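Q: Please give me a close look at how the inside of this structure is packed. I would like one connected account, with the cut-offs stated for each term.

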Amino acid sequence: MLQVIGLRKRYVRHLLSGRVERVLRGVDLEVAAGECLVVTGPSGSGKSTLLRCIYRQAIPDSGSILLGPPGDSIDLAAASEREVLERRRTTVGLVTQFLDVVPRIGAADLVAQAGCSAEEAWRLLDRVGLPGDLHDVPPATFSGGQRQLLNLARALARPRPLLLLDEATASLDPSRRQAVLRMLEEKKHAGTALLAVFHDVPTAGVVDRVVTMREGRIAA
Amino acid sequence: MTSILELVDVSVRYGVGCERCAPADGPARCPVCGSVWACRGLSFDVGPGEVMGIVGESGSGKSTALACANLDLVPLAGRIRLLGEEVTGIGGARRRELRAEALGIVYQTPAQGLDLDLTAGGNVVSRMLAAGVRGYEALRRRASELVQATELPLARMDAVTSTFSGGMQQRVQVARALATRPPILLLDEPTSGLDVSVQARLLDLLRRIQLETQVAMLIVSHDLGVIRMLADRLLVMRQGRIVERGLTDQLLNDPRHPYTQLLVSSQLC
């Protein structure tokens, strides 16, 4: 489903007299449909930048990001803006720890805007475990964990064959975290490919393989 | 996909120009003749249902780009296409027709876009009349539809627009712009000058209208917050040129041009 080859990314900080940070130094990885690959590693090792490059929130300097079945894939590293927007609608979803939606719109409406009916939105919010009395509340006042649940529901609002998860359960209490991991496991068994960054790798269930990043490379 | 609006290599000069003017990497203001090159080699297109943003500091040429799109200005060089039709330098009846049917514009100051001596309904209806819509019932029905869609109190539909608050006047502008269901809406700093809560309401309104009607938008703003909320794609302009372009979230997360980095780092929140 996803094949990353030789991905390199550096940030040039022009406001700091052109300081260069080499964040990704040649990353290769592959995730098959129905597989969950976990990326772990110390802070600053490039995990989030890797996901951002795949979602095209950052532009890699070189390398390829092949999305789709072999032979019928698109290279997201070189795709046009419109092609990327189209893939975000249909193929690849990103769940982060941050809220990047309009904070004044009710949670269920935000989920519905991401691509499902109003009823489905309420059902999804129930399933990820957001308390029912918050479903029509705008997320401006949500806690970190509640925001994560909303992000997750938005990513699941329409079926996407690839989900990128950046510390998607970091702010959740243990029981919610377990519930979310079970949901992700179901998605995986239904054929969704998962590429997940975790500091604290879940011990069982959803995870198939774990790789560790260090200084911009896959170390093991 | 046919673009709704397309600008190809558009240059606009204010002033007489001279042979030393505007080398590609020179300043926007010619040191010899004093002419200002507001746009230099500007190219972009907006497709159906797309929202394109333009950011840049004052004097970067973003409003001039919008004026070209609105057929207010004829560029010195380059081409403009609207709905696939070549419209560069077009005038007369066809220009009026296109502005009435294919384009809607919301200006920064309501006085530019509205006749403040007319009622809210009158402002909306006059645009429909210009587009050839006839019949009292039809005009009245559409006007009240729009007044409601833009969250103006229906009771104020027949009040003179000059008695409205700034935020309400902006909503009358939006209603007027949408009256003929144009495929693209041009927005020139639609929220500046409004206080923050009114700004937020207007942004929510624009977003809702975009989601519901899938109207394409070209929105010019110096406020990255406004752009982040509305635009899928973004152009960063400086001294008449596009210095960087990309998906909005990508430019905000990974700005690469020194000027874009400065813009993003200067954002208050």
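A: In this predicted model, the largest nonpolar core has 85 residues, and those with the most contacts inside it are A:Val111, A:Leu124, A:Leu125, A:Leu152, A:Leu165 and A:Leu184. Helix 6 of chain B gives the largest share of this core, six residues. A nonpolar core is here a set of buried Ala, Val, Leu, Ile, Met, Phe, Trp, Tyr and Cys residues joined through side-chain atoms within 4.5 Å, where buried means under 20% relative accessible area, exposed over 50% and partly exposed in between, with a 1.4 Å probe and protein chains only. Helices (H or I, at least four residues) and strands (E, at least two) are DSSP runs, numbered from the N terminus.

Within that core, A:Leu165 touches A:Leu51, A:Val95, A:Leu152, A:Leu184, A:Leu194, A:Leu195, A:Ala196 and A:Val197, leaving aside residues up to four places away in sequence; contact means heavy atoms within 4.5 Å. Apart from the largest core lies another, of 36 residues, among them A:Val31, A:Val39, A:Ile65 and A:Leu67.

A:Ile65 is also one of the residues touched by A:Leu7, together with A:Leu24, A:Arg25, A:Gly26, A:Val27, A:Leu50, A:Cys53, A:Pro60, A:Ser62, A:Gly63 and A:Ser64, again not counting residues up to four places away in sequence. A:Leu7 sits in strand 1 of chain A and counts as buried because its relative accessibility is 0%. A:Leu184, one of the residues with the most contacts in the largest core, is 177 residues from A:Leu7 in sequence and 27 Å from it in space, C-alpha to C-alpha.

The strand that carries A:Leu7 belongs to an open, antiparallel sheet of four strands in the order 2-1-4-5 (chain A). Its edge strands, each pairing on one side only, are strand 2 (19-31) and strand 5 (74-75) of chain A. Strand 1 (residues 2-13) and strand 2 of chain A are joined in the antiparallel sense over ten bridges, and A:Leu7 stands opposite A:Val27 in strand 2 of chain A; two strands pair if DSSP finds at least two bridges between them.

In chain B, too, four strands form an open antiparallel sheet, in the order 2-1-4-5, and here strand 2 (36-46) and strand 5 (85-86) of chain B are the edge strands, each pairing on one side only. Strand 1 (residues 5-14) and strand 4 (residues 77-82) of chain B run antiparallel and are joined by five bridges, with B:Leu7 opposite B:Ile80 in strand 4 of chain B.

B:Ile80 leads on to the empty spaces, since B:Ile80 also lines the largest cavity, along with B:Leu71, B:Leu73, B:Val74, B:Pro75, B:Val87, B:Thr88, B:Gly89 and B:Ile90. On a 1 Å grid over the protein atoms alone, a cavity is a set of points where a 1.4 Å probe fits but cannot get out, a pocket is an open set with protein on both sides within 12 Å along at least five of seven lines, and lining residues have an atom within 4 Å of a point. The largest cavity holds about 40 Å³ of space, a volume being the space filled by probe spheres set on grid points that are joined across faces, edges and corners. Its lining has seven nonpolar, two polar and no charged residues, with Ala, Val, Leu, Ile, Met, Phe, Trp, Tyr, Cys and Pro counted as nonpolar, Asp, Glu, Lys and Arg as charged, and the others, Gly among them, as polar.

B:Leu71 takes a positive phi of about 60° just after helix 1 of chain B. Seven of the eight residues of this helix (residues 62-69) are buried, so helix 1 of chain B is largely enclosed by the rest of the structure; the buried ones are B:Lys62, B:Thr64, B:Ala65, B:Leu66, B:Ala67, B:Cys68 and B:Ala69.

Two cavities of 30 Å³ or more are found in the whole structure, and the second largest, with about 30 Å³ of space, is lined by B:Val55, B:Leu224, B:Leu234, B:Val236, B:Leu251, B:Leu252, B:Thr260, B:Leu263 and B:Val264. Helix 10 of chain B gives the largest share of that lining, three residues. Strand 9 of chain B runs antiparallel to strand 10 (residues 241-247) of chain B, over six bridges.

As to conventions, residues are numbered from 1 along each chain as its sequence is written, and chains are lettered from A and ligands numbered from 1 in the order in which they are written. Local features need pLDDT of at least 70 and side-chain atom pairs count only at pLDDT 80 or more, while totals for chains, interfaces and linings use all residues, and side-chain values use heavy atoms, with hydrogens and water left out.
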